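Student: Could we take a close look at a single part of this model, namely the salt bridges? I would like one connected account of which side chains pair and where in the chain they sit.

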Amino acid sequence: MTDRGDIVGSNDADAWMGEAQPYLAPRRAGEQDAWSAEAAAHGRRGGQRLLAVEEVAPPAPVRDFFRTERGEAVVVRRRLILLDGEPVELADSYYPAHVARGTRLAEHRKIPGGAVTLLATLGFTPEDDPLEDVHATTATPSQCAALDLPPGAPVLVLTRFTTSTTGEPMEVSVMAMTRHLQYRQRKQAV
């Protein structure tokens, strides 16, 4: 999943800083996913909706990290992340096709324990310190529609590049996050 960082110094009751490690740890049978557990720790309800699972030509940073050739497909799982039933993030997780094909990673259904748990059973244990890149940008029209944002709203984009403990690139997650609940409150107040 993702880490749901919030603005440091924010005094909102729902503000907290996320960290990557819980999202990189395989889950035990019946254990809550990392996002649901983090939200519950703050008295909230986390969830997600699987939007698509498909083979695609990856964006350049994903292609470079996986060392795939131009035009070579990878598997992407696209999800809408929810907080108390409201959309707060779009998360796309990419996997090398040779790893994902023939597994639940390539199927349009939930993965018990999440992708990290499945990857661990396949011999891909994530390293403890993934490379992360964060930048702010204006939400695209499709992001605005999915996240119920007004045109021109900002989003934070966190890209996490995860390598296995054996040094093999195993996952790239691209997460577009927003302070969605603040926007909804502002829209309702107008």
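Tutor: What follows sets out the chain in brief and then goes through the salt bridges in turn. The model is a predicted one, and side-chain atom pairs are counted only at pLDDT 80 or more. The chain has seven helices and six strands, which run from the N terminus in the order α-α-β-α-β-β-α-α-β-α-β-β-α. Of its 190 residues, 47% count as buried, and among contacts with a separation of 6 or more, 58% are made by residues 24 or more positions apart.

Against this background, the count of salt bridges comes to six. One of them joins the side chains of R44 and D84, with N and O 2.4 Å apart. This pair links distant parts of the chain, since R44 belongs to the loop between helix 2 (34-41) and strand 1 (46-56), whereas D84 belongs to the loop between strand 2 (74-83) and strand 3 (86-96), 40 residues apart. As for their surroundings, R44 counts as buried because its relative accessibility is 18%, under the 20% cut-off, while D84, with a relative accessible area of 29%, is partly exposed.

A further salt bridge is made by the side chains of E55 and R101, at 2.8 Å from N to O. Here E55 lies in strand 1 and R101 in the loop between helix 4 (97-100) and helix 5 (114-121), so the pair ties together parts that are 46 residues apart in sequence. Both partners fall in the partly exposed class, E55 at 40% relative accessibility and R101 with a relative accessible area of 48%.

R109 forms a salt bridge with E107, and the closest N and O atoms of this pair are 2.5 Å apart. R109 is partly exposed, with a relative accessible area of 39%, and E107 likewise counts as partly exposed, at 29% relative accessibility. Beyond these pairs, a network of salt bridges links E54, R78 and D92. As a general point, side chains of opposite charge can pair when their charged atoms come close.

Taken together, the pairs described can be placed by their surroundings: R44 is buried at 18% relative accessibility, and its partner D84 is partly exposed at 29%, while E55 at 40%, R101 at 48%, R109 at 39% and E107 at 29% are also partly exposed.

Conventions:
Residues numbered from 1 in each chain as written. Predicted model: local features only at pLDDT ≥ 70, side-chain atom pairs only at ≥ 80, totals over all residues. Heavy atoms only, no water. Helix = DSSP H or I, 4+ residues; strand = E, 2+ residues; numbered from the N terminus. Buried < 20%, exposed > 50% of the residue type's maximum accessible area, 1.4 Å probe, protein only. Contact = heavy atoms within 4.5 Å. Salt bridge = Lys/Arg side-chain N within 4 Å of Asp/Glu carboxyl O.
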